[in-house]
Amino acid sequence: MSQGQAPKRIGSLSFGLMDPEEYREMSATKVITADTYDDDGFPIDMGLMDPRLGVIDPGLECKTCGKHSGSCNGHFGHIELAAPVIHVGFAKLIRRLLRGTCRECSRLCLTEDERAEFRDRLDTTRSLGEDLGDVTKAAIRKARKASQCPYCGEKQYDIQHEKPTTYYEVQEVLAAEYSETIAAAMEGRPVEGEDEDVEREPMAPTDLAEETGIDLSRINEILSGEFRPTKSDRQALEAALDVDLTEEDMNKLMPSDIRDWFEDIPDEDIEVLGVDSQKSRPEWIILTVLPVPPVTARPSITLDNGQRSEDDLTHKLVDIIRINQRFMENREAGAPQLIIEDLWELLQYHVTTFMDNEISGTPPARHRSGRPLKTLSQRLKGKEGRFRGSLSGKRVNFSARTVISPDPTLSLNEVGVPNRVASEMTQTMNVNERNLDDARRYVANGPEHHPGANYVRRPDGRRLKVTEKNCEELAEKVDPGWEVSRHLIDGDVVIFNRQPSLHRMSIMAHEVVVMPYKTFRLNTVVCPPYNADFDGDEMNMHALQNEEARAEARVLMRVQEQILSPRFGENIIGAIQDHISGMYLLTHENPRFNETQALDLLRATSIDELPPADGEVSETPQADGEAVDGEEDGTKYWTGRTVFSELLPDDLDLEFEGTVGEPVVIEDGQLVEGTIAEDEVGEFGGEIVDTITKVYGNTRSREFINEVATLAMRSIMHFGFSVGIDDESVDDAAEVQIQEAIDSAYERVQKLIKTYETGELESLPGRTVDETLEMKIMQTLGRARDSAGDIADDNLTEDNPAVVMARSGARGSMLNLTQMSACVGQQAVRGERINRGYEDRTLSHYKKDDLSADAHGFVESSYRQGLDPQEFFFHAMGGREGLVDTAVRTSKSGYLQRRLINALSELETQYDGTVRDTSDTIVQFEFGEDGTSTTQVAHDAESPMDVEEIADRVIDAEFADEAERESFLRGETGETNLSEHGDTWRSPGSAPEVESDD
Amino acid sequence: MVDVSQHDLVPEHTVVSESEIDDVLAEYDIDRTDLPKIKRTDAALPDDAEVGDVVEVVRDSRTTDRAVVYRLVIE
Ligand SMILES: [Mg+2]
Ligand SMILES: [Zn+2]
Ligand SMILES: [Zn+2]
């Protein structure tokens, strides 16, 4: 966006309190009546809908600015409060100020030295950019400790805060029964409230008068209750008689008292508390004027029946005005103090809930229907609030959402877009001589026929809708200089996204392929980065609206640019599931194919010519492979590995240990040895994909992945691949063996239990006998399942589809196979055998304290055999734990993610390589402390980077001969680890002046 | 007591001289307070480090061999 288009530029923001005078000045009108509209439906003057507060009805004119609805932003009004009221948002600050300042002279109860100390600490915290709250809190804590004001000497009382807005001063006053207490003490009796055995010397009135210095007659008057002792008299009496004549009294501070108190706080004192006295005075916290938000901020809605329905804020303001008026009337009529105080409290309640209706301890103000009102704070807070809902996130145009489904014929860079979506999302064409014909054709097609257009904009700026009726006519008018909003067509770049967008690869750019039907289509290899499947998942698409965005998306966000994950530096896109089974079938036993078959396998790839044949079928089948079925002698054949090798770059050399545990050897782009499966071409760090991406680039890698996927699909279709429940059954002999293995485990468990019961079981170090028994039983049963699994494993052939999937890493594991064909095994809750349920037993089917395997959730059956009812129940218990775990984990990690994103979102890598936050504080001196990108550098703990080797390779490639190289290397060497601007910053003025273009 | 600063995994922390600090600050065009911070009580700090000093931390790096960073000592 160009700068000139911004209507206004924000220079600075300042936060502070508002002077009540300022409220009055900015107010368009004083609001005195709670009524909104008169009988004719016109807003009442000085009412809550006063036309000076702005207009919402179209056609009316604003009485303040003269503009119409839409262009008038609205204007604040104000209510003169009958009595000061506390602003809830500042309840804590009020408490702190009351506690920290003197009740008499309002000065902060800190000595000059202490003030200086806190001022210094404030300065350092400010310059470190840390939270000032800690310092001001410490200052208040210190000031609160002073029992006397260091300036006027006044005794300070504790302040109690009753949430939300009531403050009490805890004072010591003369107890009501002071005369009785004195009399009792003089007679040596225990004083009320004291223990019976307290001993006190009796004291005659004369002695007391002497000791305290009070007149004898006065003492008698005090004793008779005719005279209340003064403060000094009281203290003297207390000292002489060793009694306490006071009781605590909660003296409520009214908002007006607090306001008076705060008015006297000197400016320099609040500066010590980190408050800018130029902008904020503490007395402004206590409201005397309430601003009335403009009508535009609380528009009323006209219902179908013509009735007006007011905004929640208006309702709340009505309450405030009503109480305010009653308050004034009562006060003028001289109503008793009690009534005045009640009304005051009510006014406080309404003003409080006007600002925040979710304060703990205060019942929320409700609508007539019982729904709590949404007041100011509720508009801002939370997910749907102004910040998170309207400012950080908004709804956008040019976006579409629908169900996704797979399409293996698409490239991984593409996305199939339903034609109805394509006709709705548009791209702006700037018509010129070269695209004029296209533009006219789109317009002529109209809005309903796919490569059409929905709008045109004439050079004079007028926007016209293209309709079925006017499209032909309009098409002829289109000329260079016009803009045509044409439909999405094949090859356009769009952004594609699946929530939750947890990492960069959750939003990628795809090229459009317009298709029939109603779902988005995507190649299955992009499922891992989006974490998508096709069980009803929906995804979002965004059509880009300017050249800059389209270029950025194409260069930076296209799927092929995201093949390497920044999380672990290896490929996140690669073959999955059936692709892997297919590659395994193709390469594991290296089968042979005749020419037709080989060509068929490669038909969807870019390979259109077969390599030289691997051999000819001969009479005697060769050892390394079977003869192609039914082929005549002398027919050429190609092996699976040869076919696969066609996809590899010609000069690729690679050697590593593969998925099945055998070495994979690639020489000169030929797979010499090894099976292609998960670790070779799979999604998370498939070695071949990873190497091709890093060495040959993203485009080559994209081609490779696409072709692997299509070759794999062809090959799995060639062999045929299906799994059924019968594939997991084992023969009778194996079944017997499995049963024996389990039975013997049961016996061993029984033996363990017996030794435990006879007390002969020896505990393992650091464990109790009970724990030892549990551990040993778990171990025994675990081993039983494993050996059952091994038996089943031996019984299942290598060409068993489930075995193929498990071995190749396509799906499932040998454990899954064990559970299906041999034994499900021990069910666990919280890592232990199942121990909960009834008293001393898990289910009522078992005897109490039965420690046996089946009473604690050992599932002996296999999934194929089916579980008996108890087993089923235990299995459900274990399964439930897993479900709860995932549910809890996702919510926990979601919150954690939000916190992390918020904490890190403002960090930015600068052009000098440093990572800084918005206040220029350095977080890292070099990105990642090494300035390298995870996706550009291949290294890990085992194979560290060989910097010299890389340097040699670069230098070798750079220089034609030794002499050139020598002359360059002898030249000047620059400093390292310096920022890009290091030199220019060091010597200001020496940098070449850069022309600014504005 | 174990002196963690001698531990293998604790990188070298040394107090930087004033003139060197000026170079660093000039290089990155920052104020002293824009540096990352380290608490005075941090066990890895040398004993002579005082609040307001800048320490240089030299870490071993698999990728760059040596990674040098600076930290401001705070209370
Ligand atoms: Mg799903
Ligand atoms: Zn207006
Ligand atoms: Zn005072």
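In the predicted model, the zinc ion (ligand 3) is held by four cysteine sulfurs, the SG atoms of Cys102(A), Cys105(A), Cys149(A) and Cys152(A), at 2.2 to 2.3 Å. The angles among these 4 donor atoms run from 102 to 117°, and the site is tetrahedral. Along the chain, the donors of the zinc ion (ligand 3) follow the spacing C-x2-C-x43-C-x2-C. Cys105(A) is placed in the loop between α2 (91-100) and α3 (112-128) of chain A, whereas Cys152(A) belongs to the loop between α4 (133-145) and β2 (158-162), so that the pair ties together parts 47 residues apart in sequence. Cys105(A) is partly exposed, at a relative accessible area of 24%, and Cys152(A) is likewise classed as partly exposed, at 39%.

The zinc ion (ligand 2) has as its protein donors the SG atoms of Cys62(A), Cys65(A) and Cys72(A) together with NE2 of His75(A), which lie 2.0 to 2.3 Å from the ion. Around the zinc ion (ligand 2), the 4 donor atoms subtend angles of 104 to 112°, and the arrangement is therefore tetrahedral. The sequence spacing of the donor residues of this zinc ion (ligand 2) is C-x2-C-x6-C-x2-H. Within this set, Cys65(A) and His75(A), 10 residues apart, are both assigned to the loop between α1 (20-26) and β1 (77-86) of chain A. With a relative accessible area of 34%, Cys65(A) is partly exposed, while His75(A), at 18%, is buried, the limit for burial being under 20% relative accessible area.

Notes
Residues numbered from 1 in each chain as written. Chains lettered and ligands numbered in written order. Predicted model: local features only at pLDDT ≥ 70, side-chain atom pairs only at ≥ 80, totals over all residues. Heavy atoms only, no water. Donors = N, O, S within 2.8 Å, 3.2 Å for Na, K, Ca; no water. Tetrahedral: all angles 85-135°; square planar, octahedral: opposite > 155°, others 65-115°. Helix = DSSP H or I, 4+ residues; strand = E, 2+ residues; numbered from the N terminus. Buried < 20%, exposed > 50% of the residue type's maximum accessible area, 1.4 Å probe, protein only.
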